[in-house]
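Work through the exercises below with the structure open. Try each task before reading its solution.

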Amino acid sequence: MTAPVGGTPRDPGLQPERTRLAWRRTTLAFAVAALLAGREAVLHGVSPAGLLGLSLCASAWLAFTVAAQRRIAALGSARPAAMTAGTAARAVLCVLVPAVAGALLVFLGPR
């Protein structure tokens with residue numbers, strides 16, 4: 001058990017480690033999706049829609065990676081702070097942007 005903070009002992013168990021691993025898995029899956037989008041854009045010619053989709057995927061992946069690394073670092077403390085609503089909203093936005101970019105690549109890309 002860790003030292004009491006505010007009189008309440010905390011036994012973190014494996015929950016912080018599972019959360020760290022989940023952030024890492026999500027970041028890796030995100031990187032694979034961004035690379036596949038880039039591959040698709042390159043193999044079928046770089047159209048304006050493909051370039052836009054590729055840049056959106058790359059930007060969203062970079063932003064998500066930064067957010068994930070910050071959260072992983074915060075989980076290293078004995079009593080990690082709760083994720084703020086702003087951080088959660090940015091993470092959701094980072095996941096939605098590649099979905100939109102993928103739709104652009106599929107529906108507006110060359111046929």
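**Exercise 1.** Place Arg20 in the secondary structure, then decide: is Arg20 buried or exposed?

*Solution.* This is a predicted model. Start with the element: Arg20 sits in helix α1. Next, take its relative accessible area, which is 17%. The cut-off for buried is under 20%. Arg20 is therefore buried. Last, look for partners beyond four places in sequence: Arg20 is in contact with Ile72, Leu75 and Gly76.

**Exercise 2.** Do likewise for Thr27: which helix holds Thr27, and which residues is Thr27 in contact with, leaving aside neighbours within four places in sequence?

*Solution.* Find the helix. Thr27 belongs to helix α1, which covers residues 15–43. Then check burial. The relative accessible area of Thr27 is 13%. Buried means under 20%, so Thr27 counts as buried. Now list the contacts. With the neighbours within four places set aside, Thr27 touches Trp61, Phe64, Thr65 and Ala68.

**Exercise 3.** Describe the whole protein chain: how many helices and strands are there, and what share of the residues is buried?

*Solution.* Count the elements. The chain has three helices and zero strands. Read from the N terminus, the order is α-α-α. Turn to burial: 29% of the 111 residues are buried. Then take the contacts with a separation of 6 or more. Of these, 76% join residues 24 or more positions apart. Finish with the surface. About 7,200 Å² is exposed, and carbon and sulfur atoms supply 71% of that area.

Notes:
Residues numbered from 1 in each chain as written. Predicted model: local features only at pLDDT ≥ 70, side-chain atom pairs only at ≥ 80, totals over all residues. Heavy atoms only, no water. Helix = DSSP H or I, 4+ residues; strand = E, 2+ residues; numbered from the N terminus. Buried < 20%, exposed > 50% of the residue type's maximum accessible area, 1.4 Å probe, protein only. Contact = heavy atoms within 4.5 Å. Areas by Shrake-Rupley, 256 points an atom, 1.4 Å probe, with all protein chains shown as cover.
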